[in-house]
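Please read this report with the sequence and the structure side by side, and look up each residue as it is named.

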Amino acid sequence: MKLASLNTGRDGQLVVVSRDLARAVAVPAIAATLQAALDDWALQRPRLEAVYQRLNDGLEGAAFVFDQTACASPLPRAYHWADGSAYVNHVELVRKARGAEMPESFWHDPLIYQGGADTFIAPRAPIRMADEAWGIDLEAELAVISDDVPMGATAAEAAGHIQLLMLVNDVSLRNLIPGELAKGFGFYQSKPSSSFSPVAVTPDELGDHWKDGKVQRPLVSQINGQLFGQPDAGVDMTFNFPTLLAHAAKTRALGAGTIIGSGTVSNYDRSAGSSCLAEKRMLEILEFGEAKTPYLKFGDRVRIEMFDASGASIFGAIDQVVERYEH
């Protein structure tokens with residue numbers, strides 16, 4: 001099943017989207033918003049799936065042309081958004097480039113931070129920042145949305161609470177990060193609003209490409225129309241999504257609509273490219289002694305997308321231009 005939220009009101013309007021992303025239908029009699037559907041997911045999922053089947057069969061008379069540019073993020077705001085760093089080779093690389101050893105615990109104890117969830121950037125809306133000197137960067141990732149997860153859930157139990165998947169652009173301000181981390185209290189200003197793909201999909205939509213709690217497909221990033229990276233999201237993912245979800249739930253219950261991100265998708269095989277500029281810059285430092293690739297500038301365009309084996313877009317595309325924010 002594929003779901004989206006039209007950009008109307010703070011929480012959007014829930015629509016069911018056809019598998020080919022061509023048609024959609026609103027479902028106010030089931031749930032006005034995605035959050036409302038998740039709040040009563042056991043009851044509403046079968047009803048939404050029935051609509052999805054009719055839509056794919058061409059039997060939904062109220063269907064309309066689906067326009068990705070009219071979408072908010074599937075959850076335009078969320079009660080809980082936390083991002084992991086599941087690709088530990090990426091962390092290892094960043095630390096190596098600055099001559100720092102990586103603690104051995106990073107291989108068995110996930111890194112995770114809680115981000116701002118009160119507002120997300122729509123997938124086709126601009127990324128507005130006040131200053132290029134902040135070091136504006138993309139981070140191409142995947143994320144899951146859960147239903148209610150009890151405190152202390154094991155990874156095996158958490159797997160059953162993963163209901164939807166999305167793509168993420170976890171926008172980062174690289175030149176603000178060192179100062180914040182030096183305070184010893186984590187990210188805040190350096191992690192502005194993130195954005196998510198136009199469409200969220202249930203894991204079964206991925207077929208065999210959803211395996212072992214990982215998405216086994218390349219995640220494709222472009223900058224200004226040029227391929228930047230296409231690492232495989234299922235390769236070199238040290239901590240799968242059930243493990244990340246269980247880690248988040250160790251000391252607290254997670255409410256329906258919790259979003260957990262994978263962190264920047266990264267492969268040891270660097271021929272697939274990168275999913276963020278920071279990683280490419282780190283590789284340049286290791287090879288040339290200095291970074292050669294600049295961070296994003298005003299006017300740059302970022303596109304993040306994932307395709308199935310036939311070349312069809314699964315989640316739709318995050319496609320955003322970096323613009324100057326005027327207060």
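## A buried histidine

The side chains of His90 and Glu279 are joined by a polar contact of 2.8 Å. Like everything described here, this contact belongs to a predicted model, and it should be read with that in mind. His90 is found in helix H3, which covers residues 88-97.

Is His90 buried or exposed? With a relative accessible area of 8%, His90 is buried, because buried here means under 20% relative accessible area. When residues up to four places away in sequence are not counted, His90 touches Thr264, Ser266, Cys276 and Glu279, so that Glu279 appears both in this group and as the partner in the polar contact.

## An open sheet of five strands

Five strands form an open sheet with mixed pairing, and their order is S8-S21-S20-S17-S18. Strand S8 (127-129) and strand S18 (226-229) stand at the edges; each has a single partner strand, so one side of each is left without a neighbour in the sheet. From one strand to the next, the twist averages 25°.

Within this sheet, strand S20 (residues 301-305) runs antiparallel to strand S17 (residues 220-223), and four bridges join the two. On its other pairing, S20 meets strand S21 (residues 318-324), again in the antiparallel sense and over four bridges. Ile304 lets the reader follow both pairings from one residue: Ile304 in S20 is the bridge partner of Ser221, and Ile304 also stands opposite Ile318 in S21.

## Two nonpolar cores

In soluble globular proteins, nonpolar side chains tend to be buried together. In this model, the largest nonpolar core has 62 residues, and those with the most contacts inside it are Leu142, Met306 and Phe315. Helix H6 (residues 241-248) gives the largest share of this core, namely five residues. A second, separate core has 31 residues, among them Leu48, Leu75, Ala78 and Leu164.

Which residues surround Met306, if its neighbours within four places in sequence are left aside? Met306 is in contact with Leu142, Leu167, Val215, Arg217, Pro218, Leu219, Ala233, Ala312, Ser313, Ile314 and Phe315.

## A mostly covered helix

H6, the helix that contributes five residues to the largest core, is mostly covered, since six of its eight residues are buried. These buried residues are Phe241, Pro242, Leu244, Leu245, Ala246 and Ala248. What covers them includes strand S7 (112-114), strand S10 (140-146), helix H4 (155-159), strand S11 (162-169), S15 and strand S19 (259-261).

## Two loop residues with positive phi

Most residues other than glycine have a negative phi, and it is therefore useful to look at two residues that depart from this pattern. Leu21, although it is not a glycine, has a positive phi of about 65°, and it is found in the loop between strand S2 (13-17) and strand S3 (23-26). Asp212 also has a positive value in a residue other than glycine, with phi near 55°, and its place is in the loop between strand S15 (210-211) and strand S16 (214-215).

How do the two stand with respect to the surface, buried or exposed? Leu21 counts as buried because its relative accessibility is 9%, whereas Asp212, at 57% relative accessibility, counts as exposed.

Notes:
Residues numbered from 1 in each chain as written. Predicted model: local features only at pLDDT ≥ 70, side-chain atom pairs only at ≥ 80, totals over all residues. Heavy atoms only, no water. Pairing = 2+ DSSP bridges. Core = buried A, V, L, I, M, F, W, Y, C linked by side-chain atoms within 4.5 Å. Buried < 20%, exposed > 50% of the residue type's maximum accessible area, 1.4 Å probe, protein only. Contact = heavy atoms within 4.5 Å. Polar contact = N/O pair within 3.5 Å; in protein donor to acceptor, adjacent residues only side chain to side chain. Axes fitted to C-alpha atoms, helices over the stretch in contact; angles between N-to-C directions.
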